[in-house]
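Visitor: Could you take me through one part of this model slowly, giving the cut-off behind each term as it comes up? I would like to begin with a single loop and then follow the connections outward from there.

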Protein chains: 6
Amino acid sequence: MFPNKRVQGMIGRKVHVEMKGERIALEGVLRSVDDYLNLHLSAANELHAGEKKRLLGSVVVRGNNVVLINPLKE
Amino acid sequence: MFPNKRVQGMIGRKVHVEMKGERIALEGVLRSVDDYLNLHLSAANELHAGEKKRLLGSVVVRGNNVVLINPLKE
Amino acid sequence: MFPNKRVQGMIGRKVHVEMKGERIALEGVLRSVDDYLNLHLSAANELHAGEKKRLLGSVVVRGNNVVLINPLKE
Amino acid sequence: MFPNKRVQGMIGRKVHVEMKGERIALEGVLRSVDDYLNLHLSAANELHAGEKKRLLGSVVVRGNNVVLINPLKE
Amino acid sequence: MFPNKRVQGMIGRKVHVEMKGERIALEGVLRSVDDYLNLHLSAANELHAGEKKRLLGSVVVRGNNVVLINPLKE
Amino acid sequence: MFPNKRVQGMIGRKVHVEMKGERIALEGVLRSVDDYLNLHLSAANELHAGEKKRLLGSVVVRGNNVVLINPLKE
């Protein structure tokens, strides 16, 4: 299963997304993903140093700035 | 709804855009967006640490340097 | 009007360009732009912290390292 | 053998992946890779300064943020 | 004249190239350039803070990491 | 000779590769290169501040994170 299919399989689940830049991470429910790994998350929170810092709600994330994605256990 | 369609649905609304680099954020009215997530914002402000720092007015933003976009409640 | 058309409409005008990296900004007259937002500026100055620092003259800027472009009032 | 074929030849093996950004490295079993060098790793660990810091488990890594990949001896 | 044509017009001339990252600049004779602004320079020097730091000789530069290019007066 | 052809001409030779990020450089024998300047190096060493720091052995390098490549005299 190719990496992008693996991400498509996470739709509807809560995911952890590490972004490029100063250690931003996001957690939210994956609503959609395209071939560039652009992501649409709902109920997203921004985390710094592992702590929830800010509620973003609905957010679109640019794929090239995604470092890694992993599904969260619920 | 794919992530880029989600952004198209924000046209005419005020959006918050986090840029790559030293924690720049922009807020402005989304005028247009293309498939690369290049954005045209009007009445845009640059924010640092959540505070309005500078009025930019009309601004074009390069999509690959966009980290995330979310709509602002008005 | 798509974002790249918006930039084409700035040809012949003085523009402010924020670059990726350590807060470099450029100001100059936009001579040409392509679909990648590669820019050709003439009479360009490099600015640091809003102050003119260095005259570059004619300069080509790689589009993916452009963070934002806005027209300057003259 | 082209570089991407070289990475395909590491499928099923434990690999070390250096990511762009603040010195993140990952180690895990390479499950799949595509032409962009997007990677799917299982049993992945995040390393800082060469020490295991956090178990990530199953993780998808965006290819453009991969600096280098090398196979680990087992 | 499109930006990449402008760079092609610098072939055979000494150019100044600012790279992404920690303020690296290069100066050398532009030997070739392609549509991605990948550059081949000969007799290249690496500069830090405007001072020649290291002779590189013949060097290939990846276009996406080029911030700007300008011709040097000789 | 286009820049990528110039790199193909270095196959079988020892090369110095500067990577994006915190001043990582690699030296190794160039085994293969593709049009994205993805590289396969063998007998590669990681250098920090010009000193050999770590033997990597066989390593694949993502082209977009390559800043520059130059051949080493042997």
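Guide: E:Leu37 sits in the loop that links strand 2 (24-33) to strand 3 (39-48) of chain E, where strands (E, at least two residues) and helices (H or I, at least four) are DSSP runs numbered from the N terminus. This is a predicted model, in which local features need pLDDT of at least 70 and side-chain atom pairs count only at pLDDT 80 or more, while totals for chains, interfaces and linings use all residues. Residues are numbered from 1 along each chain as its sequence is written, chains are lettered from A and ligands numbered from 1 in the order in which they are written, and side-chain values use heavy atoms, with hydrogens and water left out.

The backbone of E:Leu37 has a phi near 65°, a positive value in a residue other than glycine. E:Leu37 counts as buried because its relative accessibility is 1%, the classes being buried under 20%, exposed over 50% and partly exposed in between, with a 1.4 Å probe and protein chains only. In chain F, the loop between strand 2 (24-33) and strand 3 (39-48) holds F:Leu37, whose phi is likewise positive and near 65°, and F:Leu37 is buried at 2% relative accessibility.

For chain A, too, the place of A:Leu37 is the loop between strand 2 (24-33) and strand 3 (39-48), and A:Leu37 is buried with a relative accessible area of 2%. Setting aside residues up to four places away in sequence, A:Leu37 touches A:Asn4, A:Val7, A:Val61, A:Gly63 and A:Val66, and also D:Asn38, D:Val60 and D:Arg62, a contact being heavy atoms within 4.5 Å. From A:Leu37 to A:Gln8, 29 residues away in sequence, the C-alpha distance is 9.3 Å.

Those neighbours from chain D lead to the interface of chain D and chain A, to which chain D contributes 21 residues and chain A 23 residues. Together the two chains bury about 1800 Å², 55% of it on carbon and sulfur atoms; buried area is the accessible area (1.4 Å probe) that two parts lose on being put together, summed over both. The rule finds 1 salt bridge across this interface, and the side chains of A:Glu18 and D:Arg54 meet in a salt bridge with an N to O distance of 2.6 Å, the criterion being a side-chain nitrogen of Lys or Arg within 4 Å of a carboxyl oxygen of Asp or Glu. There are also 13 residue pairs in polar contact across the interface of chain D and chain A, both residues at pLDDT 80 or more; a polar contact is a pair of N or O atoms within 3.5 Å, where within protein one must be able to donate a hydrogen and the other to accept it, and residues adjacent in sequence count only if both atoms are side-chain atoms. On the side of chain D that touches chain A, the elements giving two or more residues are strand 2 (24-33), strand 3 (39-48) and strand 4 (51-61) of chain D, and strand 4 of chain D gives the most, with 6 residues.

A:Asn64, in the loop between strand 4 (51-61) and strand 5 (66-71) of chain A, is buried at 11% relative accessibility. Apart from neighbours within four places in sequence, A:Asn64 is in contact with residues of three chains, namely A:Lys20, A:Tyr36, B:Lys20, B:Asn64, D:Arg62, D:Asn64 and D:Asn65.

Back in chain E, strand 3 and strand 4 (residues 51-61) run antiparallel and are joined by 8 bridges, two strands counting as paired if DSSP finds at least two bridges between them. Strand 3 and strand 4 of chain E form a hairpin with 2 residues between them, and E:Ala49 in the turn has a positive phi of about 50°. Within this pair, E:His48 stands opposite E:Glu51. Strand 4 of chain E also pairs across chains, meeting strand 5 (residues 66-71) of chain F in the antiparallel sense over 2 bridges, with E:Val61 opposite F:Leu68.

Finally, chain E is superposed on chain C by a rotation of 60° with 0.0 Å of shift along its axis (RMSD 0.0 Å), fitted by least squares on the C-alpha atoms of residues with pLDDT of at least 70 in both. That is the relation of a six-fold axis. The copies nevertheless use different surfaces, since 17% of the contact residues of chain E recur in chain C.
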